[in-house]
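Let's walk through this one in a few quick questions and answers. Have a look at the model first.

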Amino acid sequence: MIRQFTDLKLWQQDRAQQKLSGKTLGFVPTMGALHQGHLSLMEQSQRQNDFTLVSLFVNPTQFSDPKDLQKYPQKVNEDLQLLTQAGVDFVWLPTAADLYRDEYRYRITESDLSGHLCGAHRPGHFTGVLTVVMKLLNIAHPERAYFGEKDYQQLQLIRGMVDAFFMPVEIHAGETIREEDGLAMSSRNLRLSSEQRKLAPAFYQALRSPKNLEEVRRALQAKGFQIDYLEDFAGRRYGAVALGEVRLIDNVPL
Ligand code: AMP
C-alpha cells in the first residue's frame, strides 16, 4: 500500500524508524505529470532499495517565466494511480509554504557550470533547482537519489552539490527514455499540438546527426523550431528549442 504524506514531522519519525531497522530508502524527486522516464527511475530505485519515495512538487523557484509555471501540466490524481500501480511505497506532496518557510532567503548557487547552456537562458533556474533538491534530500534522508540524463546539466550540478557539501547520499543516473520516434519523454510534451508533436522528433534526429552545429541550427530553423541554444560541451551535444510556447531540451553523447 502506498503511503501519502505532507506532514514533515510524521515523515521524520517514520524515516528515523526505518533507519533504526537498517532499511534503505531510494528517492525520486519529480514535478509530476509522470511518464515512463520517471517510472524507469522508480524501477531502478525499487531494485536497489528496501523502500522507494517519490515526491510530486512543481517547484516555483526554478521557473524564470511565471507563464511557464502556470502552464506546467498538473495531473495529481493520475500520478497517484500510476504510483500505486508501480508499487511505490511513499509519495510526498510537499507544500511551497513548508519548503520555503524562509521565503527563499537562503539559496544554493553554483558559480561556473550553472552559467552555461540552460543556465545562460533561464536566469536563476539552477539556483531554484539546487535549493529545492538540497531541501528535499535533507528532509527525505534517502541512501540513494535518482535523476535522469535527459536533464544532464542538472544531474552534473546535483552531483557537484552533493560532493561540495558532503551530503550523505548516493546520486544515481537513469538513461533518457524516449518515445518510439526518438522524442525524449517530458511532461511538457503534453502541451504540444498534434502538428508540433509530429515535428518534435526532428530535434533529436538533428542532434544525433553528424552535421556541425551551424548545419543543425539551419536545419531545425527551416523546420520551424526556434533555437534557444545548440552547443557542444564536455563531450556532449546539448540543445534547447521551442515549438510555439513549448520548450524542449535534449542531449546526446558526441
Ligand atoms: P521532472 O518531473 O521533469 O522534474 O523530472 C524528474 C526527474 O525525472 C528528473 O531527474 C529528470 O531528469 C527525470 N526525467 C524526466 N524525463 C526523463 C526521461 N525522458 N528519461 C529519463 N529521465 C527523465
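Q: How far does a backbone N or O atom of methionine 31 lie from an oxygen atom of the ligand?
A: This is a predicted model, where local features need pLDDT of at least 70, side-chain atom pairs count only at pLDDT 80 or more, and totals for chains, interfaces and linings use all residues. Residues are numbered from 1 along each chain as its sequence is written, and side-chain values use heavy atoms, with hydrogens and water left out. Methionine 31 is listed among the residues that come nearest to the ligand. The distance from its backbone N or O atom to the ligand oxygen is 2.9 Å.

Q: Which residue has a polar backbone atom 2.9 Å from a nitrogen atom of the ligand?
A: Histidine 38 puts a polar side-chain atom 2.9 Å from a ligand oxygen, but here we're after a backbone atom and a ligand nitrogen. That partner is methionine 185.

Q: How much of the ligand's accessible area does the protein cover?
A: On its own, the ligand has 480 Å² of accessible area (Shrake-Rupley method, 1.4 Å probe). The ligand sits in the largest cavity. Here a cavity is a set of points on a 1 Å grid over the protein atoms alone where a 1.4 Å probe fits but cannot get out, and sitting in it takes more than half of the molecule's atoms within 2 Å of its grid points. The covered part comes to 93%.

Q: Which element gives the largest share of the shell around the ligand?
A: Strand 2 (25-30), helix 2 (36-48) and strand 5 (144-148) each give two or more residues to that shell; helices (H or I, at least four residues) and strands (E, at least two) are DSSP runs, numbered from the N terminus. The largest share is three residues, and they come from helix 2.

Q: Is alanine 33 buried or exposed?
A: Look in the loop between strand 2 and helix 2 for alanine 33. Its phi is positive, about 50°, although it's not a glycine. Buried means under 20% relative accessible area, exposed over 50% and partly exposed in between (1.4 Å probe, protein chains only). Because its relative accessibility is 3%, alanine 33 counts as buried.

Q: Why does histidine 141 count as partly exposed?
A: Histidine 141 is in the loop between helix 7 (125-140) and strand 5. Its phi is also positive, about 55°, and it isn't a glycine. It counts as partly exposed because its relative accessibility is 39%.

Methods
Near = heavy atom within 4 Å. Polar contact = N/O pair within 3.5 Å; in protein donor to acceptor, adjacent residues only side chain to side chain. 1 Å grid on protein atoms, 1.4 Å probe; cavity = no way out; pocket = protein on both sides within 12 Å on 5 of 7 lines; lining within 4 Å.
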